[in-house]
Amino acid sequence: MNASSKHVSESTMNATDSLVVADRHLGKARELVDLVLGRLKTLCSEDGKLSAGRLDDHQLSCYELAFCVAELSAADAVNRYAEKAQQQDSLAMTVALAFSADVLQKVPQRLLTLQEIERADVLGLCGGAEFGEFVRTYGAAEYMAALGAQLSLRDSLYLPAMLDDDKEMVRETFARFATDVVMPLAEKIHRHDLDIPDEILKPAAELGSFGISIPERFGGLQPDDHDDSLSMIVVTEELSRASLGAAGSLITRPEIAAKALLSGGTEAQQEKWLPKLASGETLCAISITEPNHGSDVASLGLRATSTEGGWLLNGSKTWCTFAGKAELLVVIARSEPDASLGHKGLSLFLVEKPAFAGHEFSHQQPGGGKISGKAIATLGYRGMHSFDMSYEDYFVPADHLIGEEAGQGKGFYFTMAGFSGGRIQTAARANGVMEAASEKALKYAGDRKVFGQPIAAYQLTQVKLARMFSTLIASRQFTYAVAREMDQGRGQMEASLVKLFSCRAAEWVSREAMQIHGGMGYAEEYDVSRYFVDARVLSIFEGAEETLALKVIARELVARAQAQ
């Protein structure tokens with residue numbers, strides 16, 4: 001046993017007791033966070049109601065508190081995982097303790113910057129002997145380097161995921177598809193900004209990729225009697241490991257469309273469209289974002305004007321991913337002329353168009369209506385292409401309004417039904433990118449020699465690998481935990497929390513993977529350069545980081561808090 005491995009072994013002799021200590025101090029940290037949230041509730045309430053305007057005066061605090069809760073939630077998830085997995089692989093406990101020590105250093109640092117809490121309260125959390133001993137032991141360079149050394153000796157990032165046999169079979173099936181079909185094409189698609197080829201789309205459809213979130217009665221893979229977010233997460237991770245742009249986002253659009261249809265569609269709409277989406281016969285895109293509005297869905301302005309037999313769409317959209325190849329666009333538009341109705345004046349439409357290859361398209365209807373799109377040049381996330389869209393008197397039949405007459409003015413709610421699934425799926429995409437980046441970094445660190453030995457033998461590299469790995473496992477288990485909550489009809493806010501955490505984590509992990517590669521990490525011929533630019537989009541789409549932190553997470557956390 002080398003010195004590093006010996007340090008891990010000795011440090012984890014009382015691992016179960018140490019996990020209890022971790023949980024105790026993570027709980028105390030959460031109590032401090034709740035204290036601040038309660039003070040914000042008192043400061044930002046008027047006549048017993050939370051004031052959005054007053055809360056905006058505390059945006060930095062809200063932002064930091066959202067990350068505090070996300071990090072503490074991730075630590076809790078990986079600790080609960082370690083309790084179950086340690087019998088199969090003791091490294092699970094090693095990872096959990098390392099991650100907990102990291103969070104117990106980060107959260108106080110965030111809290112110390114806030115005006116709504118006394119410095120003495122934060123220092124009281126950090127000042128105890130037990131807290132200090134835990135952080136010094138499991139956050140120490142020696143401990144982290146030992147974990148990194150073990151990863152190098154294993155030459156693998158595998159840890160048991162603690163999934164049931166059915167989910168493991170799903171994972172293995174899509175892992176083979178990702179490795180054998182997607183990976184060989186991924187770099188060419190990225191380098192030349194190509195369309196996703198049929199060599200990926202056809203076998204993906206045959207595997208049922210597009211029907212992961214569609215009930216079996218409509219030809220999908222999801223059980224009729226309950227949601228199965230976890231299968232969707234597992235599939236997304238594997239596809240994203242191969243390529244975020246060429247595969248990892250393939251099932252996002254049908255998943256959002258299906259949730260919207262299941263939430264508000266008529267029986268006829270569900271029976272017509274869901275089987276086509278599930279089989280991949282009809283590819284779809286989601287057209288929500290508008291110029292100058294970003295994530296502010298309630299303020300959208302694309303107009304839907306009632307006309308004989310249906311609606312005319314006029315206006316612009318942007319960042320409509322996969323709009324070229326899609327034959328069905330799910331479009332949110334303002335169907336009520338009274339702008340004061342806000343989100344209650346929005347409706348959701350199913351807009352048909354021909355499929356187009358390439359980076360630009362235009363289609364004119366026999367009646368003169370026109371739809372056009374031009375791909376936005378991006379530094380990463382290539383393959384699906386994201387389009388600026390223009391609608392000019394584009395006719396949509398009345399039965400293509402989701403919910404038909406009963407759905408008028410309810411588009412915002414149908415959209416949100418799809419977005420919660422989209423957010424947790426984005427967390428899974430982040431996990432896939434993190435795994436790919438970490439795998440490449442581990443291999444390169446073992447192969448690359450500097451000053452006579454592999455860089456994996458140096459302490460700093462070992463610590464980097466350990467932190468990357470523990471972050472990946474924590475993010476994955478956090479995602480799984482939220483997926484299980486969502487399948488029970490809960491976890492809507494937690495879906496935003498896990499997206500917030502995992503997407504920021506993917507940026508950092510892919511950055512460290514590139515750094516381990518040194519100069520070669522900056523070369524396009526190495527996959528880590530693609531992972532780095534792909535990861536950057538994750539905190540922007542499916543709800544920008546700032547919007548999630550301020551308008552979704554913090555607002556709900558403060559509303560739930562007990563006033564102080």
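These legends go with an overview and several close-ups of a predicted model.

**Figure 1. The whole chain, with its 19 helices and 12 strands.** The radius of gyration comes out at 24 Å, close to the 24 Å that the globule rule gives for 564 residues, so the chain is as compact as a globular protein of that length. Along the principal axes, the C-alpha atoms fill a box of roughly 75 × 60 × 45 Å. Buried residues account for 58% of the 564 residues. If you look at contacts between residues at least 6 apart in sequence, 77% of them join residues at least 24 apart. The chain exposes about 22,800 Å², with carbon and sulfur atoms supplying 49% of that. As for charge, there are 56 positive and 75 negative ones, and their mean positions sit 4 Å apart.

**Figure 2. Helix H10 (residues 198–206) and its two faces.** On the buried side you'll find Ile200, Leu201 and Ala204. Seen down the helix axis, the buried residues of H10 fall within an arc of 95°, so they line one face. That fits the usual geometry: an α-helix has 3.6 residues a turn, so residues three or four places apart point the same way. Turned away from the buried side are Glu199, Lys202 and Glu206, which are exposed. The cover over the buried residues of H10 includes helix H9 (165–192) and helix H12 (244–248). After H10 comes glycine 208, which has a positive phi, near 90°.

**Figure 3. Histidine 226, in the loop between H10 and H11.** Histidine 226 has a relative accessible area of 41%, so it counts as partly exposed. For a sense of distance, pick out arginine 467, which is 241 residues away along the chain. The C-alpha atoms of histidine 226 and arginine 467 are separated by 36 Å.

**Figure 4. Glutamate 238, a buried acidic side chain in helix H11.** Helix H11 covers residues 229–242, and glutamate 238 is part of it. The relative accessible area of glutamate 238 is just 4%, so this residue is buried. What does glutamate 238 touch, once residues up to four places away in sequence are set aside? The list is Arg171, Phe174, Ala175 and Ala178.

**Figure 5. Glutamate 71, buried in helix H4.** Helix H4 takes in residues 59–85, with glutamate 71 among them. At a relative accessible area of 5%, glutamate 71 is buried. Leaving out its neighbours within four places in sequence, glutamate 71 is in contact with Phe99, Val103, Lys106, Val107, Arg110 and Phe501.

**Figure 6. Two non-glycine residues with positive phi, methionine 162 and glutamate 542.** As background, most residues other than glycine have a negative phi. Methionine 162 has a phi near 65° and sits in the loop between helix H8 (141–154) and H9. With 28% relative accessibility, methionine 162 is partly exposed. Glutamate 542 has a phi of about 55° and belongs to the loop between helix H18 (527–535) and helix H19 (545–560). Is glutamate 542 buried or exposed? Its relative accessible area is 15%, so glutamate 542 is buried, the cut-off being under 20%.

**Figure 7. Leucine 125 and its surroundings in helix H6.** Helix H6 runs over residues 119–126 and includes leucine 125. Leucine 125 is buried, at 8% relative accessibility. Beyond residues up to four places away in sequence, leucine 125 touches His25, Lys28, Ala29, Leu32, Pro108 and Phe131. One of these partners, proline 108, lies 17 residues away along the chain, and its C-alpha atom is 7.9 Å from that of leucine 125.

**Figure 8. Tryptophan 311, buried in strand S5.** Strand S5 spans residues 310–321, and tryptophan 311 is within it. The relative accessibility of tryptophan 311 is 7%, so it counts as buried. Which residues is tryptophan 311 in contact with, leaving aside its neighbours within four places in sequence? Among them are Ala304, Thr305, Ser306, Ser335, Phe349, Tyr394, Phe395 and Val396; Ala398, Leu401 and Gln408 are also on the list. Glycine 446, 135 residues from tryptophan 311 along the chain, has its C-alpha atom 61 Å from that of tryptophan 311.

Conventions: Residues numbered from 1 in each chain as written. Predicted model: local features only at pLDDT ≥ 70, side-chain atom pairs only at ≥ 80, totals over all residues. Heavy atoms only, no water. Helix = DSSP H or I, 4+ residues; strand = E, 2+ residues; numbered from the N terminus. Buried < 20%, exposed > 50% of the residue type's maximum accessible area, 1.4 Å probe, protein only. Contact = heavy atoms within 4.5 Å. Rg over C-alpha atoms; globule rule 2.2 N^0.38 Å. Areas by Shrake-Rupley, 256 points an atom, 1.4 Å probe, with all protein chains shown as cover. Lys, Arg positive; Asp, Glu negative; His and termini not counted. Charge placed at Lys NZ, Arg CZ, Asp CG, Glu CD. Arc of directions from axis to C-beta.
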